[in-house]
Amino acid sequence: LGDVRRLNDMGSFDHVTFKIDEGEQGVTVTFTVNERPTVSKVIYHGNRGLNDRELSGRAGIEPNDPLNEFSIESSRRRLIDYYREEGFNQVSITSQIGYEEDDRLILYRINEGPKERIESITVEGNSVVSDARLLKIINSRGPMFGVGSYVSNVADLRKIDGDVDVLAGYYHNLGFLTATVGRRLEYDESGKWLTVHFVVNEGPRFKINDIKIVGNEFVTEDSLRARLELQSGDMFNGTVMRRDVGELIYGYGELGFIYAEVDPKTVMRDEANTVDLIYDVSRSEEH
């Protein structure tokens, strides 16, 4: 069965079976395979912004590859992802097996749509952190002055959505644990230029009510707490919390618990804008 699986994994056969014949000289195993036809040619029709060589490199399907509908569909999706990375967010691509008298030809029909670029990026609703700081930590960029001014401002919607998470994570790290971030896109009349508006709802900054260490069995809690920088009454700070996690792990390591793990958790309190910070300790091995 392992050999059948390996033959199927090659992708060159539609079906693999085997039979076993026992004779005086031993056992004979015969594998019967149904070989798939191979791709004769791959044609990209309608592409202007990206050339055939670029598309072929991303599609990953070439002449003489097995003719496989799953591979062709996977290739089509990779091409769409590639176009969107390059700013063609309205692209549509269809695939076709066979054209005219060649039933092994693969045809991709491409409607690229316009290449979209970011004209400007704004941030709304922020008061604690400056626009300049927030625009610096995101990955999306507007046009820059000088050489290559239109290289970095391609409108990649996945990157823009990723920046929403980056901004929310930044606020959470500062202690604004309920902060939310959205985005709004505004196109010009040509449909080629867009302004990205990131909309921030900062919410309150949370203070630490109590710090608890749970799961600790072999180390005095006072010695662990002496390592912590964050204390009850401090504003929550994710960067400092991660340093404290490292200190707790180091404290366990000094005593031989080299595989100790510490999982930090925050628990909202009934009191307004306060959280309990819980360090959950697990120990898997000691010297």
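This report describes the nonpolar cores, strand pairing and aromatic pairs of a predicted model.

## Nonpolar cores

The largest nonpolar core holds 22 residues, and the members that touch the most others are Ile211, Leu230, Leu248, Tyr252, Leu277 and Tyr279. Three elements give two or more residues each to this core: strand β9 (207-214), helix α7 (238-254) and strand β11 (274-282). Helix α7 supplies the largest share, with 5 residues.

Once neighbours within four places in sequence are set aside, Tyr252 is in contact with Asn216, Glu217, Val219, Leu224, Phe257, Ala260 and Val281. Apart from the largest core lies another one, made up of 20 residues and including Ile118, Ala155, Ile160 and Ala179.

## Strand pairing around β8

Strand β8 (residues 193-201) pairs with strand β6 (residues 117-124) in the parallel sense, over 7 bridges. Within strand β8, His197 stands opposite Thr122.

Strand β8 also pairs with strand β7 (residues 180-187), here in the antiparallel sense and over 8 bridges. Glu186 has Thr195 of β8 as its bridge partner. The hairpin of β7 and β8 has 5 residues between the strands, and in this hairpin Gly191 takes a positive phi near 80°.

## Aromatic pairs

Across the whole structure, the search finds 4 aromatic pairs. One of them joins Tyr170 and Tyr171: the ring centres are 6.4 Å apart and the planes stand at 90°, so this pair is edge-to-face. The angle settles the class because planes over 60 degrees apart count as edge-to-face. The two tyrosines can also be described by their accessibility. Tyr170 is partly exposed, with a relative accessible area of 21%, whereas Tyr171 counts as buried at 0% relative accessibility. The limit that matters for both residues is 20% relative accessible area, under which a residue is called buried.

Another pair is formed by Tyr171 and Phe176, whose ring centres lie 5.8 Å apart with their planes at 80°, so this pair is edge-to-face. Both Tyr171 and Phe176 are buried. Through these ring pairs, Tyr170, Tyr171 and Phe176 are linked into a cluster.

## Summary

In the predicted model, helix α7 gives 5 residues to the largest nonpolar core, and a separate core has 20 residues. Strand β8 pairs in the parallel sense with β6 and in the antiparallel sense with β7. Ring pairs join Tyr170, Tyr171 and Phe176 in a cluster.

Definitions and conventions. Residues are numbered from 1 along each chain as its sequence is written. This is a predicted model: local features need pLDDT of at least 70, side-chain atom pairs count only at pLDDT 80 or more; totals for chains, interfaces and linings use all residues. Side-chain values use heavy atoms; hydrogens and water are left out. A nonpolar core is a set of buried Ala, Val, Leu, Ile, Met, Phe, Trp, Tyr and Cys residues joined through side-chain atoms within 4.5 Å. Buried means under 20% relative accessible area, exposed over 50%, partly exposed in between (1.4 Å probe, protein chains only). Helices (H or I, at least four residues) and strands (E, at least two) are DSSP runs, numbered from the N terminus. Contact means heavy atoms within 4.5 Å. Two strands pair if DSSP finds at least two bridges between them. Rings of Phe, Tyr and Trp (its six-membered ring) pair if their centres lie within 6.5 Å; planes under 30 degrees apart count as stacked, over 60 as edge-to-face and the rest as tilted.
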